[in-house]
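Colleague: I should like to learn how to read a model of this kind, one feature at a time. Where may we begin?

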Amino acid sequence: MGLPKAVAVLGSTGSVGRSALDVIARFPGRFRVAALCAGKNAKMLGDQARRFRPAVICLSEERAAARLGRLPAGTRVVFGEQGMTEAVCAKATDTVLAAASGVSSVRPVIAAARLGKRIALANKELLVMAGRFLVEAARAGGARILPVDSEHSAVFQAIEGHRREDVLRIILTASGGPFRNRTLRQMREATVAEALGHPTWRMGTKISVDSATLMNKGLEVIEATWLFGLPPSKIDVTIHPQSVVHSMVEYRDGSLIAQLGIPDMRIPIGYALSYPERLPLELPRFKPHRMDGWTFETPDRRRFPALSMAYAAAEAGRTAPAALNAGNEVAVDAFLSGRIRFTDIAKVVESVMAGWRGGRRNVTLSDVFRADGEAREAAMRRISFIRRP
Ligand code: MG
């Protein structure tokens with residue numbers, strides 16, 4: 001087995017980050033923590049540092065450091081994007097688990113890919129905003145990108161070893177979220193608590209709201225174009241409320257290969273960390289006889305306009321996916337803080353995208369970051385015109 005792989009966990013205090021640490025803790029012979037990076041939750045980061053004893057920990061802001069508490073001797077504390085870059089690019093780091101939310105980890109993770117580190121990718125923004133740059137950096141550095149998102153992990157497992165020209169399409173499954181059977185009028189009145197009530201997966205607040213609007217699935221379509229080198233026209237979405245089939249790949253001979261399992265993020269996380277091996281996770285076993293009544297439905301694009309907006313952004317390329325992501329993030333934030341209604345989220349994103357100009361043909365990473373900022377401003381302007389619910 002060799003030395004344990006040194007993992008830098010970005011977003012260690014978030015939902016995926018904590019699951020990753022749970023996996024790492026269960027296999028001390030295989031993994032150790034090289035670095036931990038978090039946003040503002042310094043208290044939890046301090047607790048994690050005492051437990052896992054990484055060489056480096058990183059906080060987004062220096063002023064949160066006071067809440068870290070007493071750290072093990074020799075722990076270095078670094079800050080911000082530069083600190084994160086240092087942590088992920090350190091010689092000792094083998095694998096970067098990219099699960100930080102937002103755009104702060106885009107440049108550090110690209111830098112790590114260029115150095116050939118394994119990237120276990122959970123952060124959607126990385127591929128949605130900067131897919132081309134990350135894929136190019138990984139190619140240049142000989143880095144592997146292993147998806148952590150359950151759907152993309154499923155596709156990865158179903159597509160590995162097959163010829164790309166034999167693939168007809170990828171079918172991403174979606175649970176449909178808590179409003180799958182609600183009318184538009186009911187969705188207009190939906191509370192934050194209702195939007196956060198995801199039926200099958202337990203996740204952070206932002207991604208739970210994205211699952212309720214189906215924007216999460218839209219972002220996953222964009223992710224899939226980069227991860228698997230396929231155009232958006234070859235990626236479909238189906239609603240599968242039971243969340244057992246995590247996604248499938250259809251081949252030209254009529255075969256479909258799907259990956260199934262219980263909804264537990266430790267499975268895709270573990271696979272991304274240990275690929276090509278599989279970890280003995282010892283989770284509750286799959287019981288086919290208790291899993292009858294699997295259903296698949298076409299998503300309703302009228303009630304869930306986010307899906308069509310995401311496809312349009314994927315087709316437009318350039319800075320459009322970054323604008324979509326940024327506009328959505330601001331709108332979701334406004335919904336969570338009670339400033340707009342649930343159904344306003346799509347309206348805000350729609351207005352950002354309606355006037356969006358994609359930018360020049362060969363966009364740079366700076367163009368993408370500028371687009372991110374402009375789309376945020378456009379979204380905030382639109383929100384300021386909405387009457388508080
Ligand atoms: Mg997913």
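Modeller: This is a predicted model, and we may begin with its metal site. In sequence, the donor residues of the magnesium ion follow the spacing D-x1-E-x68-E. Glu151 lies in helix H6 (residues 150–159) and Glu220 in helix H10 (residues 215–228), so that this pair, 69 residues apart, links distant parts of the chain.

Colleague: Which residues coordinate the magnesium ion, and at what distances?

Modeller: The ion is coordinated by Asp149 (OD), Glu151 (OE) and Glu220 (OE), at 2.1 to 2.2 Å.

Colleague: Are Glu151 and Glu220 buried or exposed?

Modeller: A residue counts as buried when its relative accessible area is under 20%. Glu151 is buried because its relative accessibility is 8%, and Glu220 is buried because its value is 1%.

Colleague: What does Thr225 touch, leaving aside residues up to four places away in sequence?

Modeller: Thr225, which is found in helix H10, touches Leu230, Pro231, Pro232 and Ile235 on that count. At 12% relative accessibility, Thr225 is buried.

Colleague: How are H14 and H15 oriented to each other?

Modeller: Two packed helices are described by the angle between their axes and the distance between the axes. Here helix H14 (residues 344–354) and helix H15 (residues 365–384) pack at about 125°, their axes 9 Å apart. Angles from 115 to 145 degrees count as oblique, and H14 and H15 are therefore oblique to each other. Their crossing is right-handed. Lys347, Val348, Ser351 and Val352 of H14 make the contact with Ala375, Ala378, Ala379, Arg382 and Ile383 of H15.

Colleague: How do the residues of that contact divide by character?

Modeller: Six are nonpolar, one is polar and two are charged.

Technical notes
Residues are numbered from 1 along each chain as its sequence is written. This is a predicted model: local features need pLDDT of at least 70, side-chain atom pairs count only at pLDDT 80 or more; totals for chains, interfaces and linings use all residues. Side-chain values use heavy atoms; hydrogens and water are left out. Donors are N, O and S atoms within 2.8 Å of the metal (3.2 Å for Na, K and Ca); water is not among the atoms, so sites may look incomplete. Helices (H or I, at least four residues) and strands (E, at least two) are DSSP runs, numbered from the N terminus. Buried means under 20% relative accessible area, exposed over 50%, partly exposed in between (1.4 Å probe, protein chains only). Contact means heavy atoms within 4.5 Å. Axes are lines fitted to C-alpha atoms, for helices over the stretch in contact, and angles run from 0 to 180 degrees between N-to-C directions. Angles under 35 degrees count as roughly parallel, over 145 as roughly antiparallel, 65 to 115 as roughly perpendicular and the rest as oblique. A crossing is left-handed if the near helix is turned anticlockwise from the far one by less than a right angle, and right-handed if clockwise. Ala, Val, Leu, Ile, Met, Phe, Trp, Tyr, Cys and Pro count as nonpolar, Asp, Glu, Lys and Arg as charged, and the others, Gly among them, as polar.
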